[in-house]
Amino acid sequence: MPVNETLSTYSDWTYGAAVAVYFFAAVFYLCEAAFGRVKTRELVGAGAPVAGTAEDGTWTPGLVVRQERSRAEKLGRMGVALTVLGALLQLSSLVLRGVATERAPWGNMYEYGSLLTFAAVATWLVLMRKFPVRKLGGFVLVPVVILMFLGGTVLYAEAAPVQPALQSYWLVVHVSVISVSSGILLVPGVASVLYLLKSSGRARFTKLPDADVLDRVAYRSTVFAFPLFTIGIICGAIWAEAAWGRFWGWDPKETVAFVCWVVYAAYLHARATAGWRGRPAAWINALGFALNVFNLFFINLVTTGLHSYAGVG
Amino acid sequence: MKAFLAFLRNTWRGLTAMRTALTLLFLLALGAMPGALLPQRSLNAQKVTEYIAEKGWWGRFLDRLQFFDVYASYWFSAVYVLLFVSLVGCLLPRTWEYFKQMRAKPVLTPRNLARLPHHAEGGTAESPEAVVARAKQRLKGWRLVEREEADGARSVSAERGYLRETGNLVFHFSLLGLLVAFALGKMVGYEGQVIVQSQGGQFCNSGVYNFDSFRPGLRVDGTQLSPFCVRVNDFHATYLHNGQAQSFRADIDYQSGPDLDSGTWRPYPLEVNSPLRTAGDRVYLLGHGYTPLFTVTFPNGEQRTGATQWRPVNEVTLASEGATKFDPPGVTDTEQRRKNQLAITGLLAPTAGFRGELLDSVFPEARDPAVAIDVYRGDLGTDSGRGQSIFSIDEKQVQDGKLAKVARKNLRQGEELTLDDGTRIRFEGVKDWVSLQVSHDPTQVWVLLFSVLVILGLGVSLSVKRRRVWVRAAPGPDGRTVVEVGGLARTDQAGYGEEFGSLARDVLEKEK
């Protein structure tokens, strides 16, 4: 099966461009976070018929946000525009590689990382519309840029067909679901770490949004990603049954995925248990993401198992 | 006795408390981790042996604590059994509560709706009845009850999102079911591996002795395997120019059920990711390798052809090693036979690349096969009582001087060498062998079913929100009707605000 060299080269270029654009977006967000003042809200005098609630951070009747845009806010808006641009570039990189190799573009670690980070950025773009957390964009984009940089350098693999074990439509389903859900889980991981910083009460973290906004961002995105992650694991089991002769065999990757799943299940329970809400739950969520990263790097590169498809020499 | 009962009750309460469940969840996660970091017997027994030998007392200590059989260990089993007992203890009362709630009416309207997290208020010229009727219209799909209160006020109490608890219970019960099905599978399932030569090699799933290795479930004695036979006709592999495999296919025939009696063979292209499913079992293509073919012409003119599979030592180039063993033909005297057994050992390269005299394989396909062999003559020790591998000779026989190296040479396909006694050994070429796995697990379809239920239950329980809304319309002092709306999200708060806002607006404002 020949690989279209031209398209795969274009894919590499758009990937590189996306990393650069994300980098600048992250700089803009971080500037906004560093120099912006805490946003003020003013109560409008007119008696609105319904006192809406601000709990979602959605548009609230009765409250208006002051319209003047500070310089910091302009930076933040430029950051958003750049993020959208970067996401479009990254999407075209994925599509181009898929077309070039005539297969799903997530057959090695480089491609997997690209899909994962794309999912994280897309999640962030969606969340920004629902929660007042724009200036935290930098904290999401910094790990994204690091992951993409590692992916594009250390883990980079030439566009090529995949080995027989991966030639299955389950590659399309299992790997995409797992990498998208892991990407989404990057966001609650970041939000939980920020929650821990904010709720530590130190003065230098006062500019972060309210702890309960961070908590809700973490919870909402986890609740969305957790069932996806579950589906991904189960699809993996179905594929393993067809490829390796058993649906579950405690391969290192399977084991750590199971551990991750248990940790996120613990997070959901902790958040509903008195005495475990707040900081303990945030610690658990952060641990979940740490395990996810561990599963991606350590298990793929250091241990040997059936999931050794990294494509890294 | 009383104290004992109290102890039991407290233990049960402690075990079923959420914080205990959380602790057990963490122990489960923690306990599973060593399995990913240490070699496991179930995956690679040889690696475990090497690891223990390398680490000395520490390895033996870990072994005693079952760290190389984590998922069959007492402590891991204890954690998940306790976790599932705790789960049952939590689920039973919740199920009871669930059925009670399914029949119960929504709760009474609180006296002071302003205290609720969501609240809205307004006045209207309509009668309380009209307001309540409009509220009921708007709350279609909610479970609701209308009540008349003492001071002439009317109220509607509504609740929605019961599916959340349904999903929750389905999810947790399915996890239980999944564990039970998994455990049953481990009891009655089995797994066996066997190497079969292509070009007509056969395997029948009739007994454990036919397998090279066999892993029975706890309740499997190997006497009642599902009967079927497989014949390997041919094997095809294609590779990219860099040696990466692109496809593997074994063309096999199989027979099962009535075909066994009638002798009918049915063809099947066995590929990676596409196992043969027959007689309730599955047959997988796990690997392949090469069998070198050696023809030995003995001094008396008799010929023997040896076709023993060699095992790949390099997964990329498929350079293989092994031992092909011969008995001298026509020798009945055991003493004589022991002096003249032959063994050909060494390296097989499917595509030869020579660096001087040193042979290595440069490509996994059999394009230009060659072997670098040592020939041994003497007593192979096959009747010494010691077990020996088919891939090697017994080194002890060499050390004891019973087996001596008599030749060493590189042979390309068709070349031959002659030993000092006139025996000629000719390398004829190679043929493929395939490694097959037979798996039997009658409960895996149940595991799949429960997995699907797990996903459905989880999706429903995390997406549906349980929430309540109350509307009270009371006649006010000025003849107008005072309308109050209150709302409470019973689970996660997020997202109810918008819905409540729109609800309250519709109830308070008369439609235009």
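These are my notebook entries on a predicted model, covering chain B, its sheets and helices, and its contact with chain A.

**Entry 1: overall form of chain B**

I began with the extent of chain B, whose C-alpha trace spans about 125 × 65 × 50 Å along its principal axes. I then looked up the radius of gyration, which is 37 Å for chain B, whereas a compact globule of 512 residues would have one near 24 Å. For the secondary structure I noted 13 helices and 23 strands in chain B.

**Entry 2: the sheet with strands 1 and 2 at its edges**

I turned next to an open sheet of 5 strands in chain B, which has the order 1-23-22-3-2 and antiparallel pairing. Which strands stand at the edges of this sheet? I found strand 1 (118-124) and strand 2 (143-148) of chain B there, each with a single partner strand, so one side of each has no neighbour in the sheet. Direction ignored, neighbouring strands of this sheet are turned by 15° against each other on average.

I followed the pairing of strand 1 of chain B with strand 23 (residues 481-489) of chain B, where 7 bridges join the two and the strands run antiparallel. To fix the register I took B:H119, which stands opposite B:G486 in strand 23 of chain B.

**Entry 3: helices lying across that sheet**

I looked up helix 7 (residues 128-138) of chain B, which lies across strand 1, strand 2, strand 3 (154-160), strand 22 (467-475) and strand 23 of chain B and runs at about 165° to strand 22 of chain B. Helix 13 (residues 496-508) of chain B lies across strand 1, strand 22 and strand 23 of chain B, and its direction is at about 165° to strand 23 of chain B.

How do helix 7 and helix 13 of chain B pack? I noted an angle of about 145° between helix 7 and helix 13 of chain B, with their axes 9 Å apart, and the crossing of these two helices is right-handed. The contact is made by B:R134, B:A135 and B:R138 on the side of helix 7 of chain B, and by B:L503, B:D506 and B:V507 on the side of helix 13 of chain B. By class I recorded 3 nonpolar, no polar and 3 charged residues in the contact of helix 7 with helix 13 of chain B.

**Entry 4: a second open sheet**

I went on to another open sheet of 5 strands in chain B, with the order 13-14-15-18-19 and antiparallel pairing. Its edges are strand 13 (311-312) and strand 19 (403-412) of chain B, and because each has a single partner strand, one side of each is left without a neighbour in the sheet. Within this part of chain B I checked strand 15 (residues 341-349) and strand 18 (residues 370-378), which run antiparallel and are joined by 9 bridges. Here the bridge partner of B:A343 is B:Y376 in strand 18 of chain B.

**Entry 5: strands 5, 7 and 8**

I found strand 5 (residues 201-204) of chain B paired with strand 7 (residues 228-239) of chain B over 4 bridges in the antiparallel sense, and the bridge partner of B:Q202 in strand 7 of chain B is B:R231. Strand 7 of chain B also pairs with strand 8 of chain B, again in the antiparallel sense, over 11 bridges, with B:H236 standing opposite B:R249 in strand 8 of chain B. Strand 7 and strand 8 of chain B form a hairpin with 5 residues between them, and I noted that B:G243 in the turn has a positive phi of about 95°.

**Entry 6: where chain B touches chain A**

I recorded 50 residues from chain B and 46 residues from chain A in this contact. Several elements of chain B each supply at least two residues of the side that touches chain A, among them strand 1, strand 8 and helix 13. Which element gives the largest share of that side? I found helix 2 of chain B, with 9 residues. The side of chain B that touches chain A divides into 26 nonpolar, 18 polar and 6 charged residues.

**Entry 7: a helix pair in chain A**

Lastly I looked at helix 1 (residues 5-35) and helix 4 (residues 137-153) of chain A, which pack at an angle of about 155° with their axes 8 Å apart. Helix 1 and helix 4 of chain A are therefore roughly antiparallel to each other, and helix 1 of chain A passes helix 4 of chain A in a left-handed crossing. The contact includes A:Y15, A:G16 and A:V19 of helix 1 of chain A, and A:G137, A:G138 and A:L141 of helix 4 of chain A. By class I noted 15 nonpolar, 4 polar and no charged residues in the contact of these two helices of chain A.

Notes:
Residues are numbered from 1 along each chain as its sequence is written. Chains are lettered from A and ligands numbered from 1 in the order in which they are written. This is a predicted model: local features need pLDDT of at least 70, side-chain atom pairs count only at pLDDT 80 or more; totals for chains, interfaces and linings use all residues. Axes are lines fitted to C-alpha atoms, for helices over the stretch in contact, and angles run from 0 to 180 degrees between N-to-C directions. Angles under 35 degrees count as roughly parallel, over 145 as roughly antiparallel, 65 to 115 as roughly perpendicular and the rest as oblique. A crossing is left-handed if the near helix is turned anticlockwise from the far one by less than a right angle, and right-handed if clockwise. Two residues are in contact if their C-beta atoms, placed from the backbone, lie within 7 Å. Ala, Val, Leu, Ile, Met, Phe, Trp, Tyr, Cys and Pro count as nonpolar, Asp, Glu, Lys and Arg as charged, and the others, Gly among them, as polar. Two strands pair if DSSP finds at least two bridges between them. The radius of gyration is taken over C-alpha atoms; the globule rule is 2.2 Å times the number of residues to the power 0.38.
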